[in-house]
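Work through the exercises below with the sequence and the model open. Each task is followed by a solution in steps.

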Amino acid sequence: MRVTLFMTTSANGMISRPDQREDFLSPSNWDAFLDHARRTGGIVWGRRTHEKVRAWNRKYLDPLRGLRNLVVSTDTGFQAGDEGFGTATSPAEALWRLSADGLDQIMLAGGALLNASFARERLIDAVVLNLEGVIVPQGIPLFAPDGIDLSLALQEVERVAPNIVQLRFDVVR
Ligand SMILES: NC(=O)c1ccc[n+]([C@@H]2O[C@H](COP(=O)([O-])OP(=O)(O)OC[C@H]3O[C@@H](n4cnc5c(N)ncnc54)[C@H](OP(=O)(O)O)[C@@H]3O)[C@@H](O)[C@H]2O)c1
């Protein structure tokens, strides 16, 4: 199973403000996110990210219907709602479930805590970062502090919007 982490960050690596607002990130990043999700066939994200996105307008989640999507939570009773998401209680279980469904690649979509969990278990194969031309003084970083070092090999650099650069890396094992 190939796992690609896809995230949008400020130029200083913040994925949201401390209160979870992402007002400094352009809406076009969501379209880039959807493009990648469709190409991989499924997404995995953390319980906090799921609850955040569920609170948005439904038009954001509707395009993900038809993909194989999972929310990771330690809570065995967690209900993902009716947006077509399944659940898993660990990164390994998420990959096992998606693999059993026939997927050979998926997109890891945050947030910081789940990214760090996948990194610690050495489950990330590639990283795609959309870097927005903005610096915010405080926020939630790309990886929670309990992550580990990841060595990356730069594959591509592309200007995907006037103020957004996309960096594509493979993880060096
Ligand atoms: N800019 C971007 O591209 C982007 C993308 C995604 C998210 N975000 C932002 O990131 C923020 C949320 O990130 P976050 O770090 O606070 O939370 P998160 O990573 O989305 O979710 C954390 C939760 O995932 C579950 N989890 C994590 N590791 C696990 C493991 N090894 N086993 C089982 N469950 C595990 C736990 O759920 P339980 O507590 O239920 O056990 C944990 O509390 C939001 O503000 C969101 O907007 C930004």
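**Exercise 1: Asn69**

Asn69 sits in strand β4. The model is predicted.

Task: Decide whether Asn69 is buried or exposed, and find what surrounds Asn69.

Solution.
- Step 1. The relative accessibility of Asn69 is 0%. Buried means under 20%, so Asn69 counts as buried.
- Step 2. Leaving out residues up to four places away in sequence, Asn69 touches Gly42, Ile43, Leu64, Gly84, Phe85 and Gly86.
- Step 3. One of these residues, Leu64, has its backbone oxygen 3.0 Å from a polar side-chain atom of Asn69.

**Exercise 2: The sheet**

Task: Give the order of the strands in the open sheet, and state which strands lie at the edges.

Solution.
- Step 1. The sheet has 8 strands in the order β5-β4-β3-β6-β1-β7-β10-β9, with mixed pairing.
- Step 2. β5 (85–88) and β9 (152–161) are the edge strands, as each pairs on one side only.
- Step 3. On average, and with direction ignored, neighbouring strands of this sheet are turned by 25° against each other.
- Step 4. For one pair, β7 and β10, the sense is antiparallel and there are 7 bridges. Glu132 stands opposite Ile164 in β10.
- Step 5. Helix α2 packs on the sheet and touches β3, β4 (68–72) and β5; the direction of α2 makes about 105° with that of β3.
- Step 6. Helix α3 (residues 91–100) also packs on the sheet, where its contacts are β1, β3, β4, β5 and β6. The direction of α3 makes about 165° with that of β4.

**Exercise 3: Helix α1**

Task: Compare the span of α1 with the expected value, then list the buried residues of α1 and the elements they pack against.

Solution.
- Step 1. α1 covers residues 28–40, 13 residues in total. From first C-alpha to last, α1 reaches 19 Å, close to the 18 Å expected at 1.5 Å a residue.
- Step 2. Asn29, Trp30, Ala32, Phe33, Leu34, His36, Ala37 and Thr40 are the buried residues of α1.
- Step 3. These buried residues pack against β1 (2–10), β3 (42–46), α2 (47–54), β6 (105–108), β7 (126–132) and β10 (164–171).
- Step 4. After α1 comes Gly41, with a positive phi near 95°.

**Exercise 4: The ligand**

Task: Which residues come nearest to the ligand, and what polar atoms of Thr8, Ser16 and Ser117 lie by ligand atoms?

Solution.
- Step 1. There are 26 residues around the ligand, and Glu22, Arg47, Thr49, Ser73 and Thr74 come nearest.
- Step 2. Thr8 has a polar backbone atom 2.8 Å from a ligand nitrogen.
- Step 3. Ser117 has a polar side-chain atom 2.8 Å from a ligand nitrogen, while a polar side-chain atom of Ser16 is 3.0 Å from a ligand oxygen.

Terms used
Residues numbered from 1 in each chain as written. Predicted model: local features only at pLDDT ≥ 70, side-chain atom pairs only at ≥ 80, totals over all residues. Heavy atoms only, no water. Helix = DSSP H or I, 4+ residues; strand = E, 2+ residues; numbered from the N terminus. Expected span 1.5 Å × (residues − 1). Buried < 20%, exposed > 50% of the residue type's maximum accessible area, 1.4 Å probe, protein only. Contact = heavy atoms within 4.5 Å. Pairing = 2+ DSSP bridges. Axes fitted to C-alpha atoms, helices over the stretch in contact; angles between N-to-C directions. Near = heavy atom within 4 Å. Polar contact = N/O pair within 3.5 Å; in protein donor to acceptor, adjacent residues only side chain to side chain.
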